[in-house]
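Dear colleague,

Please find below the structure that I am handing over to you. My findings follow it, and I would ask you to read them with the structure open.

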Amino acid sequence: MKLIAILTGALLLPLSLAGNTANSSHTLTSTEANKLVSLPLHCVETPYPYKTGVVLASAADLQEPSAVHPVFYGCFDWHSAVHGYWSLVNLLRQFPELAQKNDVKAVLQRNLTADKVAREVAFFSKDINASFERTYGWAWLLKLSDELQQWQDPMAKQLAANLQPLADLIAERYISFLPRLLYPVRVGEHTNTAFGLSFAYDYAVNQQNTALQQLIAQRAKDYFLQDKNCPINWEPSGYDFISPCLEEIGLMQRILPSEQFLPWLNQFMPQLANPAYTLAVGEVSDRTDGKLVHLDGLNFSRAWNLYALAKQYPQYAHLRQVADQHMAHSYPNLIGDSYEGGHWLGSFAIHALNSSKQ
């Protein structure tokens, strides 16, 4: 039934799902935005099921998630709630006339208040929570803050100001932590260092946080500049939702000028230069298993990095087709999927679609 709905337009993918071609083009249209926005609207105020991920200092810490995290208590866990809010802001910023624009605005104004953010800051300020959401949730929080800062809307200005104390605290956490992180984390899940630095670097550049920008650039070089022959044939691990090899490329593409980046890339993954390069998509065997459904996220992660590379460097334009194939495989699963995927995968799809813009 889902495939029939997709092919008849209930979930319009801007390419032929029956036969992906090099001419396929993925774009985020208003039609798609109106479908995708339903995912974060559904989850950001859905309190359960919820995975806390906290360290308890005493019995007093056993509280309702909404008491501890009055903003980010939905979408199953803290970081998914953060990128759920990012999805709402990003879609409304791009498509101000969304059919559910009033619902989106109401949710944002109801939850991104100065008082509620202050309670989130209080949680993070406790020593026992120093490593909470490091660095995956940190990166998404800065991405949300950056999105609000760039949104030219009177409401957004106030929301950005409300969130800024938490963004400032997270930026300080990065500055404190990175000099102590001697070795990068290269897994395909939340703690991946390259992913955790990419969004933070974008924030630092856009918000002119020179200290954070320079630190990330230096640590990225320390961690990755000497890397060669990334074993992408080892991907994916069973629970990957981001690509260790391609996320590293995405970070280095941000921080290195082309005269340094291209020779580095040729040492790191020389096979990408082959116009005939292919990469098998990640397969999900059970869509009700929250860990196994991670592989759809891997496909979106690969896509956004391949799109970015193809867009900036014409000699890698052939990688758009590889990205398109990954999108075509996972995008149809978003609408009507179980909560295990629906509470977070929409954000990944939106970011990949944004990255696909020519």
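Is Glu147 buried or exposed? In this predicted model, Glu147 has a relative accessible area of 8%. Because values under 20% count as buried, Glu147 is classed as buried.

Glu147 lies in helix α8, which covers residues 136–150. Its side chain forms a polar contact with the side chain of Trp86, at 3.1 Å. If neighbours within four places in sequence are set aside, the residues in contact with Glu147 are Trp86, Val89, Asn90 and Arg93.

I also examined two pairs of helices.

The first pair is α14 (residues 294–312) and α17 (residues 345–355), whose axes come within 8 Å and cross at roughly 15°. Angles under 35 degrees count as roughly parallel, and α14 and α17 are therefore described in that way. Their crossing is left-handed. On the α14 side, the residues that meet α17 include Phe300, Trp304 and Tyr307; on the α17 side, Leu345, Phe348 and His351 are among them. By class, this contact of α14 with α17 comprises 9 nonpolar, 4 polar and 2 charged residues.

The second pair is α11 (residues 210–224) and α12 (residues 244–255), with axes that come within 10 Å and cross at roughly 130°. These two helices are therefore oblique to each other. The crossing of α11 with α12 is left-handed. Ala217, Ala220, Lys221 and Phe224 of α11 make the contact with Glu248, Leu251, Met252 and Ile255 of α12. This contact has 6 nonpolar and 2 charged residues, and no polar ones.

Yours sincerely,
A colleague

Note on methods
Residues are numbered from 1 along each chain as its sequence is written. This is a predicted model: local features need pLDDT of at least 70, side-chain atom pairs count only at pLDDT 80 or more; totals for chains, interfaces and linings use all residues. Side-chain values use heavy atoms; hydrogens and water are left out. Axes are lines fitted to C-alpha atoms, for helices over the stretch in contact, and angles run from 0 to 180 degrees between N-to-C directions. Helices (H or I, at least four residues) and strands (E, at least two) are DSSP runs, numbered from the N terminus. Angles under 35 degrees count as roughly parallel, over 145 as roughly antiparallel, 65 to 115 as roughly perpendicular and the rest as oblique. A crossing is left-handed if the near helix is turned anticlockwise from the far one by less than a right angle, and right-handed if clockwise. Contact means heavy atoms within 4.5 Å. Ala, Val, Leu, Ile, Met, Phe, Trp, Tyr, Cys and Pro count as nonpolar, Asp, Glu, Lys and Arg as charged, and the others, Gly among them, as polar. Buried means under 20% relative accessible area, exposed over 50%, partly exposed in between (1.4 Å probe, protein chains only). A polar contact is a pair of N or O atoms within 3.5 Å; within protein, one must be able to donate a hydrogen and the other to accept it, and residues adjacent in sequence count only if both atoms are side-chain atoms.
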